[in-house]
Amino acid sequence: MPCALVLSAGGLFAAYQAGAWKVLAEHFQPDLVVGASAGALNGWAIAGGCPASELIAEWIGPAAAGLIHPRRPILRWCGWFDPAPLARHVQELFARFQPRVPYALTMVEVPRLRRVCVRGERVMPAHLMASCAIPCGYPPVRLDGRWFVDGGLLDVVPVWAAVEMGATRVIAVNALPRMPSATLRTAVRLVRAVGPAPARFPGLDVIEIRPAAPLGALRDSIVWKEANIRRWIGQGQEDARALAGKPWTEE
């Protein structure tokens, strides 16, 4: 029964996943890992054997602190954020880790709004960048003559990709159960209304770890603050512990 670890989108809120993984890693090792957006970066590290303590240190350290920078001057048509710091971080992650278990990330082709799963040896730094290309935040990424944006745009938690890879059980860590602003919620609803219908898997065994309340406001998801990062990591640990003794931890 292949069990997948599925990690959501979430910007800086994805630090929550590092805390959850610290607890989860004590109870199971996934047969495959899938991620979207920031969850794709966490997933790449986890699939590559990154210890939970090291992943937490990454989120607390200067690499994460310098990850999201507004452009100077802001060029809205090119994205609000400078992609260079993210590109450097992606290149570093790609060089340091290579998946030891099957890995996949998701991205969305635009303007067609088509879900795309990229897996295994096909994953390159450009795919990781595309999965993190928040619309209006970062510029879309061109691959093979097509444009791609954030994998969480249509599905914040890409369970569908884990099923496509053969998972029969899923442990999902959802750092973004609710968009952190009313404007963003409306925009995402409109996009999803014209996109493909959500994939549903009624027989799939899914355990979802999520914060009981939103982790913060929209600004918190893009402006790094150590106190927030530590709080979210602690919340992830707490929420994962609540499920750590459940039957899904058993073979």
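Biologist: Which helices each supply at least two residues of the lining of the largest cavity?

Modeller: General idea first: rolling a probe the size of a water molecule over the atoms shows where empty space is left. On a 1 Å grid over the protein atoms alone, a cavity is a set of points where a 1.4 Å probe fits but cannot get out, and a lining residue has an atom within 4 Å of a point. Here, α2 (38-47), α3 and α5 (83-96) each give at least two residues to that lining. Helices (H or I, at least four residues) and strands (E, at least two) are DSSP runs, numbered from the N terminus.

Modeller: Some housekeeping: this is a predicted model, so local features need pLDDT of at least 70 and side-chain atom pairs count only at pLDDT 80 or more, while totals for chains, interfaces and linings use all residues. Residues are numbered from 1 along each chain as its sequence is written, and side-chain values use heavy atoms, with hydrogens and water left out.

Biologist: Which residues lie nearest the centre of the largest cavity, and how many Å³ of space lie in it?

Modeller: Look for A38, L41, W59, L67 and L86, which lie nearest the centre among 18 lining residues. The space comes to about 240 Å³, where grid points are joined across faces, edges and corners, and a volume is the space filled by probe spheres set on the points. By class, the lining has 13 nonpolar, four polar and one charged residues. In this scheme Ala, Val, Leu, Ile, Met, Phe, Trp, Tyr, Cys and Pro count as nonpolar, Asp, Glu, Lys and Arg as charged, and the others, Gly among them, as polar.

Biologist: How many cavities of 30 Å³ or more does the structure hold?

Modeller: Three. The second largest has about 40 Å³ of space, and its lining is F13, A175, L176, P177, R178, P180, P214, L215 and G216.

Biologist: On to pockets. Which residues lie nearest the centre of the largest pocket?

Modeller: A pocket is an open set of grid points with protein on both sides within 12 Å along at least five of seven lines. In the largest one, I134, P135, G137, L184 and L218 lie nearest the centre, out of 28 lining residues. Two or more lining residues come from each of β3 (70-75), β4 (79-81), α8 (182-194) and α9. Helix α8 gives the most, with five residues. The space is about 800 Å³, and the lining has 19 nonpolar, eight polar and one charged residues.

Biologist: And by class, what does the lining of the second largest pocket have?

Modeller: That one has 16 nonpolar, one polar and nine charged residues. About 550 Å³ of space lies there, with L154, D155, V156, V157 and R192 nearest the centre. Helix α8 turns up here too, giving the most to this lining with four residues.

Biologist: Now single residues. Is T106 buried or exposed?

Modeller: Buried means under 20% relative accessible area, exposed over 50%, partly exposed in between (1.4 Å probe, protein chains only). T106 is buried, because its relative accessible area is 0%. T106 sits in strand β5 (residues 103-110). Not counting residues up to four places away in sequence, T106 touches G35, A36, V116, S131, G151, P158, W160 and A161; contact means heavy atoms within 4.5 Å.

Modeller: Try A130 next, in helix α6 (residues 125-131). A130 is buried too, since its relative accessibility is 0%. Leaving aside neighbours within four places in sequence, A130 is in contact with M107, V141, L143, F148, V149 and D150.

Biologist: How many disulfides does a search of the whole structure find?

Modeller: A disulfide is a covalent bond between the sulfur atoms of two cysteines. The cut-off is a pair of cysteine sulfur atoms within 2.5 Å. The search finds zero. For C117, the nearest cysteine sulfur is that of C132, 15 Å away. C117 is buried at 10% relative accessible area, whereas C136 is exposed at 56%.

Biologist: Last one: what should the 16 residues of helix α10 span?

Modeller: The expected span is 1.5 Å times one less than the number of residues. For α10 (residues 226-241) that gives 22 Å, and the end C-alpha atoms are 23 Å apart, so the two agree. Its buried residues are N228, I229, W232, I233, G236, Q237, D239 and A240. These buried residues pack against α1 (15-24), α3 (52-60), β10 (205-209) and α9 (218-222).
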